[in-house]
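Q: Could you take me on a close look at one part of this model, and then show how that part sits within the rest of the chain?

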Amino acid sequence: MSSVATWADDFRYTTPGRVTDRKQALQFLIHFIGDITQPLHNENKAVGGNQIPVLWDGDKTNLHAVWDTQMVQKAAGGYGSAVITSFTNKLIAAIDSGIYASQKASWVACTNVATARACALSWAQDANKLICAYVLKDDETDNELNGAYYTGAKPYIELQIAKAGYRLATYVNNIAAAA
């Protein structure tokens with residue numbers, strides 16, 4: 001949680017002429033806000049799912065990797081800049097006027113730069129609620145997850161990515177306004 005506050009402060013208080021330092025601070029901030037929104041980054045069971053063996057397309061992997069990579073890529077429709085741009089535009093439309101429009105204000109209820117640790121904790125708790133609701137609701141050890149499990153997870157994946165992007169944009173705007 002403190003990493004979000006630390007890198008936000010580094011970005012905010014680094015002299016504008018020190019572009020490399022500000023760039024690095026922003027990169028870490030983007031990384032940590034993304035991580036904090038992924039449910040298994042806020043869970044200690046089996047080291048955040050890293051020690052839960054599962055299958056994806058018949059290949060052995062672990063639950064954390066599936067949530068970090070395989071299911072995200074499948075939800076996006078693949079990988080590469082064109083795919084990511086299309087997926088991002090889909091989520092932006094859902095935030096602006098679609099299924100997330102009525103929720104977005106609650107996602108940024110805590111984006112005050114002065115309370116970065118509290119906001120990060122709030123975001124982590126929000127993501128962690130998905131552990132019991134879906135991610136670890138059933139024991140998926142050694143199960144194939146590219147099927148019914150993925151189908152059930154996809155709405156959560158899209159929601160969490162939308163939250164992360166919207167929070168990040170709001171938070172960075174708030175940092176810039178406070179600088």
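A: Happily! A residue counts as buried when its relative accessible area is under 20% and as exposed when that area is over 50%, with partly exposed in between. This is a predicted model, and the part I would pick is histidine 64. Its relative accessibility is 10%, so histidine 64 counts as buried. Across the chain, buried residues make up 38% of the 179 residues.

Where does histidine 64 lie? Its home is helix α3, which covers residues 63-76. The side chain of histidine 64 has a polar contact, at 3.3 Å, with the side chain of histidine 41. Leaving aside residues up to four places away in sequence, histidine 64 touches Gln38, Leu40, His41, Gly48, Gly49 and Asn50.

A little further along the same helix, α3, we can turn to tryptophan 67. With residues up to four places away in sequence again set aside, Trp67 touches Gln38, Pro39 and Leu40, and also Val72, Tyr134, Val135, Tyr149, Ala153, Tyr156 and Ile157. Gln38 and Leu40 are therefore on the contact lists of both histidine 64 and tryptophan 67, by the cut-off of heavy atoms within 4.5 Å.

Trp67 also brings us to the largest nonpolar core, which has 28 residues. The members that touch the most others there are Leu63, Trp67, Met71, Tyr100, Val135, Leu145 and Tyr149. At least two residues of this core come from each of β1 (53-56), α3, α4, α6 (116-135) and α7. There is a second, separate core of 12 residues, with Ile36, Val113, Ala120 and Trp123 among them.

Helix α3 has a part in the largest pocket too. That pocket holds about 710 Å³ of space. Its lining has 29 residues, and Gly34, Gln160, Ile161, Ala164 and Gly165 are the closest to the pocket's centre. The elements giving two or more residues to the lining are α2 (19-37), α3, α4 (81-96) and α7 (148-178). Of these, α7 gives the most, with nine residues. By type, the lining residues are 18 nonpolar, nine polar and two charged.

Stepping back to the whole chain, we find seven helices and two strands. Read from the N terminus, their order is α-α-β-β-α-α-α-α-α. Of the contacts between residues at least 6 apart in sequence, 67% join residues at least 24 apart.

Definitions and conventions
Residues numbered from 1 in each chain as written. Predicted model: local features only at pLDDT ≥ 70, side-chain atom pairs only at ≥ 80, totals over all residues. Heavy atoms only, no water. Helix = DSSP H or I, 4+ residues; strand = E, 2+ residues; numbered from the N terminus. Buried < 20%, exposed > 50% of the residue type's maximum accessible area, 1.4 Å probe, protein only. Polar contact = N/O pair within 3.5 Å; in protein donor to acceptor, adjacent residues only side chain to side chain. 1 Å grid on protein atoms, 1.4 Å probe; cavity = no way out; pocket = protein on both sides within 12 Å on 5 of 7 lines; lining within 4 Å. Points joined across faces, edges and corners; volume = space filled by probe spheres on them. Nonpolar A, V, L, I, M, F, W, Y, C, P; charged D, E, K, R; others polar. Core = buried A, V, L, I, M, F, W, Y, C linked by side-chain atoms within 4.5 Å.
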